[in-house]
Every structure is written in structure tokens, then in C-alpha cells.
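Trainee: I'd like to learn how to read a fold from its coordinates. Could we go through one together?

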Amino acid sequence: MTDAAHDTTREDIRQALSDPEHLANLLGLTEGMKRQSGGVSVRCPLHADNHASLSMTRGGDGGALVAKCHAGCDLGGENRGGDAFNMVAAVHGLDIRANFPAVLARAAELVGRPAPRPRLAAVSHVDPAMAWSQLKPIDADTWEYLRGRGLEAASDLCRAATPG
């Protein structure tokens, strides 16, 4: 895969999912769907819905999708409306707070784009003593693997760090 293929961003995916009717189609929410001014109403995937109680519209600036369940489901936390990613999470039974990378990957798949590369947190300082204390004991299979890859020095260093 080329580097350009990895240049997809979260905002690229959000923009690709900003059309309410298109998102409803991608998520299989077309049964009972009603077109409305600025978007659609669909059956909410978070509760047993017999009629279209969830509205999906474009935001005020014509940008990101806004989803709101009028039966009171909490799509975005604190009973705010959700966005396209909240809708993807709801339909696929994912917890957006606990596993956003999986939600983002599923959303990217829906629009036929590669999932964005995970961002690495910036580290301003690493405490060597804390890092050393986080080392885990290495089993015999791991030692063999390291030796088989010509990493004797690494295995010696790890052995020195392994208690016992």
C-alpha cells in the first residue's frame, strides 16, 4: 500500500459520511426511512423502534452529520446528538469510547478507504526507572525467537532485566 493510501484522516472519513441518506444506505437503515428537510428519519438502532424516531441531518454549516434519537437514546454522550461515527458504532454494537479505532476502521471500510494510521502520543519525557520496571519476564520460546533472528545482544539485555 502506498503512503498516499495511508493519508486518509478521520475528517476525510467524517466528510465521506456526511450525507444522511447515503449513511442510512451504508448502514442498512433504509427500512421505514423517511426523507425530511435537510436529511432523513430512520429507525434508531439503539432501541426496538417501530417508526423512524432518529433524525440524521447535516450540521448547520452543511458539514458533519448530526444524529438525534427523539425517543431519548444517548448517541453522543450526555444526551447530545451523535455524529456519523456514533451511528457506525451504534449499528455495529461498538463502544465508541472504549474502542474508537475499531469504529474508525469500520467507518473507513464503509466508504472504501484505508483506516487512518493510529496517532502516537507525544512523549516529552520517559522516566528510565519507570520504563525498566515495566519489563516483563521473557519465556524460553521468546528467547529462541530472538536468537533465531540474530538478536543475541537483545536477548542478553532482556535476560539481565528478567528477575529470577
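Trainee: Let me start with a strand. Which residues of strand 4 make up its covered face, and which its uncovered one?

Mentor: Keep in mind that this is a predicted model. In strand 4, L65, A67 and C69 sit on the covered face, while V66 and K68 are on the uncovered one.

Trainee: Okay, and where does strand 4 fit in the overall layout?

Mentor: Start with the inventory: seven helices and four strands. Along the sequence they come as α-α-β-β-β-β-α-α-α-α-α. The four strands form an open sheet in the order 1-2-3-4, paired antiparallel. Strand 1 (34-36) and strand 4 (65-69) are its edges, each pairing on one side only. From one strand to the next, the twist averages 25 degrees.

Trainee: How do I read the pairing itself?

Mentor: The general idea goes like this: strands of a sheet pair through backbone hydrogen bonds, and they can be parallel or antiparallel. Here, strand 3 (residues 54-58) pairs with strand 4 in the antiparallel sense over five bridges. You can follow the register from the partners: L54 is bridged to C69 in strand 4, and R58 has L65 as its bridge partner. On the other side, four bridges join strand 2 to strand 3, again antiparallel, and V42 stands opposite L54.

Trainee: L54 keeps turning up. Which residues is L54 in contact with, leaving aside neighbours within four places in sequence?

Mentor: Quite a list: V40, S41, V42, C44, P45, A67, K68, C69, L75 and M87.

Trainee: So how do I read a core?

Mentor: In soluble globular proteins, nonpolar side chains tend to be buried together. In this chain, the largest nonpolar core has 29 residues. Those with the most contacts inside it are I13, L17, L23, V42, L54, M56 and M87. Helix 2, strand 2 (39-42), strand 3, strand 4, helix 3 and helix 4 each give two or more residues to this core. Helix 3 supplies the largest share, six residues.

Trainee: Then let's look at helix 3. Why is helix 3 described as largely enclosed by the rest of the structure?

Mentor: Count its buried residues. Helix 3 (residues 84-92) has nine residues and seven of them are buried, so the helix is largely enclosed by the rest of the structure. The buried ones are A84, F85, N86, M87, V88, A89 and A90. What covers them includes helix 1 (10-16), helix 2 (20-26), strand 3, strand 4 and helix 4.

Trainee: What should I look for at the ends of that helix?

Mentor: Check the side chains at the start and the backbone angles just after the end. At the start of helix 3, a side-chain oxygen of D83 comes to within 3.0 Å of the backbone nitrogen of F85. Just after the helix, G93 takes a positive phi of about 65 degrees.

Trainee: And aromatics: how many aromatic pairs does the structure hold?

Mentor: One. The ring centres of F85 and F100 are 5.5 Å apart and their planes are at 80 degrees, so the pair is edge-to-face, a label for planes over 60 degrees apart. F85 lies in helix 3 and F100 in helix 4, so the pair ties together parts 15 residues apart in sequence.

Trainee: Is F85 buried or exposed?

Mentor: F85 is buried, with a relative accessible area of 1%.

Trainee: Let me try a loop residue. Where is P116 found, and is P116 buried or exposed?

Mentor: P116 belongs to the loop between helix 4 (100-110) and helix 5 (128-133). The cut-off for buried is under 20% relative accessible area, so P116, at 16%, counts as buried.

Trainee: What does P116 touch, not counting residues up to four places away in sequence?

Mentor: P116 touches T8, T9, R10, I13 and L104. For L104, 12 residues away along the chain, the C-alpha separation from P116 is 7.9 Å.

Trainee: And for the chain as a whole?

Mentor: Two numbers will do. Of its 164 residues, 32% count as buried. Among contacts between residues at least 6 apart in sequence, 37% join residues at least 24 apart.

How values were computed. Residues are numbered from 1 along each chain as its sequence is written. This is a predicted model: local features need pLDDT of at least 70, side-chain atom pairs count only at pLDDT 80 or more; totals for chains, interfaces and linings use all residues. Side-chain values use heavy atoms; hydrogens and water are left out. Buried means under 20% relative accessible area, exposed over 50%, partly exposed in between (1.4 Å probe, protein chains only). Contact means heavy atoms within 4.5 Å. Two strands pair if DSSP finds at least two bridges between them. Axes are lines fitted to C-alpha atoms, for helices over the stretch in contact, and angles run from 0 to 180 degrees between N-to-C directions. A polar contact is a pair of N or O atoms within 3.5 Å; within protein, one must be able to donate a hydrogen and the other to accept it, and residues adjacent in sequence count only if both atoms are side-chain atoms. Rings of Phe, Tyr and Trp (its six-membered ring) pair if their centres lie within 6.5 Å; planes under 30 degrees apart count as stacked, over 60 as edge-to-face and the rest as tilted. A nonpolar core is a set of buried Ala, Val, Leu, Ile, Met, Phe, Trp, Tyr and Cys residues joined through side-chain atoms within 4.5 Å.
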